[in-house]
Amino acid sequence: MKPSEFRFENFVLRLVKAGFVFALAVSPLFPINLQADGVFVFKWNKQKDINEPTQKAIIVHDAGREDLLLQVKYEGPPEEFGWLIPVPSLPKVEKGSMKCFYELSRFTQKQLGSTVATLSAGRSKGEDENVKVIETKTVGAYEIAVLSAKNAGSLEQWLKTHGFSLPEDKSGIIESYLKKQWYFIAVRVGAMELSVPEKQNLQRKLATGELHPLQISFPSEKCIFPLKISALNGKPSEVSLYIIARELLVEKAIFDKNLAQLHRQREERKKAEPAQQRAREQTMRNLQVMSMASALYQQGVKPDFGERSVEGLHALAERLEGPRKPKKEKPRDRDNESFYPFLPSWLVTTKDFPECAKSISRLNDGSWYLSKQMRTFSPVEMNDLEFESAVPILTALLPSEDGFASAQLLSQLGTNGATALLPALQTTNALLRIHASSALPNLRGLRADKLLLNLIQDPEPEVRMNAVWAAHQNWDSRFVDPLINLFNDEDEDVRRAATQVLILHNKDFAEKTSIFLKLLKDPNPDVQACALRLLTGIPNTKIPREDLLRLLAIPQKDVVGSAFGLLRNEKPLSSDEAVPLLQNSMGFAKLLGLKVLQQNGDNRAVDLAIPLLKDADDFLKKRAGTVLEKIAGQNIPYDQPQKWEEWWAANKTGFARAPEAISPKSN
């Protein structure tokens, strides 16, 4: 590029090479392919949810009853397969369908990843009477026996007699279930009468985890998954669980382990925080430069060669727009984090899982919470899983560094979650109010009552802003005046939020337009800025020209830009009307004023441009010199203002614009 050239498109290309890049990130939770035509196509990963887990289950719990759709993966001859399932009460065992697992796997990934003797109910001679065989039957490919026992030794002997192999040192696990008076379901594959091809097909389905599941139903006050029994194998087991209930249920031990992992990740991010902060600052500077480059390009202003470099434009932007006000850094415990990566959950109906509703009829009734949990357990970690309401667990986290994430999840849990948030919104603990209020915009059905109206006036700016957006979601005309009062708020984000919400509901205060016009004359520039944003957002609103001219003196780029645009659309500015721009402390406003003077090229334009030759900023002095040269056709250096003043004193009377001066239309 030659030193005299300035092309906006070349500048943008250099910014990209300098690292000013926007990246589109796709979450790894959602396996997505991008076709050549740009359409995102979902591709189901069956290996992840179906073929890989050692165990997988769909658990439906409601009204003191549990339906457990249970599937296991086993690699080996089907004749050697044995499976022992403890349950807390007398079960009903039926054949389940793999379609349920396929369906939920697709749904959640898209939203986000020797010969054995025959089992018999009869009692052989000499068999221990401490074991009661309640039922035996064939369930699809499986033969099952439902058992109860009085002691571990008797049960172990029965199992060995019927071809089940148990480790010698694990009787304590069996005993722990018997103490709680649980039942056992003994399961094996009925493969004796099958042909070789049928056995091979059976073996393949067992090995891939796709042999039909067992559907076990039993009374249970708690939602449970019997995992401790898996420790008998002495090997790690990957468990994939879909939990369906009327409220979101979590397993506390799993939740705590995942939370600990989140804390470790947070600590790692803290170590990287200085570099991330520098990256954020660089991004903000680049945005400022892009804005400045665009503004200069639109006005036909050509910075000097050194100023066209990225760093040169950084410095120029800060000089002309003023340094950006540093925003208050959020503490780490207010981070926008989510529990979704380790506790994905959805509110669903039968439309989302019709196959499951066919298998488990009570799913046809109303809405349910679905959560998905996957984890690999070592033998020492294997304990029976008990799922409990997520609401008390999440509520306890509100005052902690996890409070933001817990509040977001609570806000999605219906009436119970919202009820848990309300006390936190009324506490004197500022951090607790901040966390709880962050979920307010997610809640519906909040009235314009004392709570929301008080939160709009909360001492914490984050609470005020969250309450403003909650007012938008729960709109009532009583919010209008409190939001207008926020035009005086000390926090810019709060002021902008209040203005935007009022614009979104402008039909409710059409009669207040005169009030907003009066606010354009308010002594507080921030109030004037809010009033202008609001009025420009109301269709067919006429703002008096004198008010717009007065706003040109406010040192806020968006205010000056909006007012200037509205004025220019009405009719071109005169040189006298450019005075507020030229007296503005913001260099960008002075540039706009010089543009007006160059377009007019009259005596008053020269009068107003010459004083800018003494401006503190060298760039503005050069620009004033360029404008004067084009208007007057004189080759006087910009850094000799006295000569310009002398020339003007001698030529002011009868001055006419130089013929070669650029016409207004050429700009």
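Which residues in α20 meet which residues in α22? In this predicted model, A529, L532, R533 and T536 are the residues of α20 that take part, and they meet D558, V559, S562, A563 and L566 in α22. Sorted by character, the residues of this contact divide into 5 nonpolar, 2 polar and 2 charged.

The geometry of this helix pair can be described as well. Two packed helices are described by the angle between their axes and the distance between the axes. Helix α20 covers residues 525-536 and helix α22 covers residues 557-570. Their axes come within 10 Å and cross at roughly 45 degrees, which makes α20 oblique to α22. The reasoning is easy to follow: angles under 35 degrees count as roughly parallel and those from 65 to 115 as roughly perpendicular, so a crossing of roughly 45 degrees is called oblique. The crossing of α20 past α22 is left-handed.

A second part of the model to look at is a sheet. Here 3 strands are arranged in the order β11-β16-β13, forming an open sheet with antiparallel pairing. The edges are taken by β11 (223-225) and β13 (249-251), each of which pairs on one side only. From one strand to the next, the twist averages 35 degrees.

Within this sheet, the pairing of β13 with β16 can be followed at the level of residues. Strand β16 spans residues 385-389 and joins β13 in the antiparallel sense over 3 bridges. At one position, E251 stands opposite F387 in β16.

Which helices lie across β13 and β16? One of them is α7 (residues 252-271), which runs at about 75 degrees to β13. Helix α11 (residues 390-397) also lies across β13 and β16, and its direction is at about 70 degrees to β16.

Finally, a single residue, E135, gives a closer view of another strand. E135 sits in strand β7, which is made up of residues 131-139. Is E135 buried, partly exposed or exposed? Its relative accessibility is 28%, so E135 counts as partly exposed; the buried class would require a value under 20%, and the exposed class a value over 50%. Once neighbours within four places in sequence are left aside, E135 is in contact with I144, A145 and V146. The separation from L147 can be given in two ways: E135 and L147 are 12 residues apart in sequence, and their C-alpha atoms are 7.4 Å apart in space.

Definitions and conventions
Residues are numbered from 1 along each chain as its sequence is written. This is a predicted model: local features need pLDDT of at least 70, side-chain atom pairs count only at pLDDT 80 or more; totals for chains, interfaces and linings use all residues. Side-chain values use heavy atoms; hydrogens and water are left out. Axes are lines fitted to C-alpha atoms, for helices over the stretch in contact, and angles run from 0 to 180 degrees between N-to-C directions. Helices (H or I, at least four residues) and strands (E, at least two) are DSSP runs, numbered from the N terminus. Angles under 35 degrees count as roughly parallel, over 145 as roughly antiparallel, 65 to 115 as roughly perpendicular and the rest as oblique. A crossing is left-handed if the near helix is turned anticlockwise from the far one by less than a right angle, and right-handed if clockwise. Contact means heavy atoms within 4.5 Å. Ala, Val, Leu, Ile, Met, Phe, Trp, Tyr, Cys and Pro count as nonpolar, Asp, Glu, Lys and Arg as charged, and the others, Gly among them, as polar. Two strands pair if DSSP finds at least two bridges between them. Buried means under 20% relative accessible area, exposed over 50%, partly exposed in between (1.4 Å probe, protein chains only).
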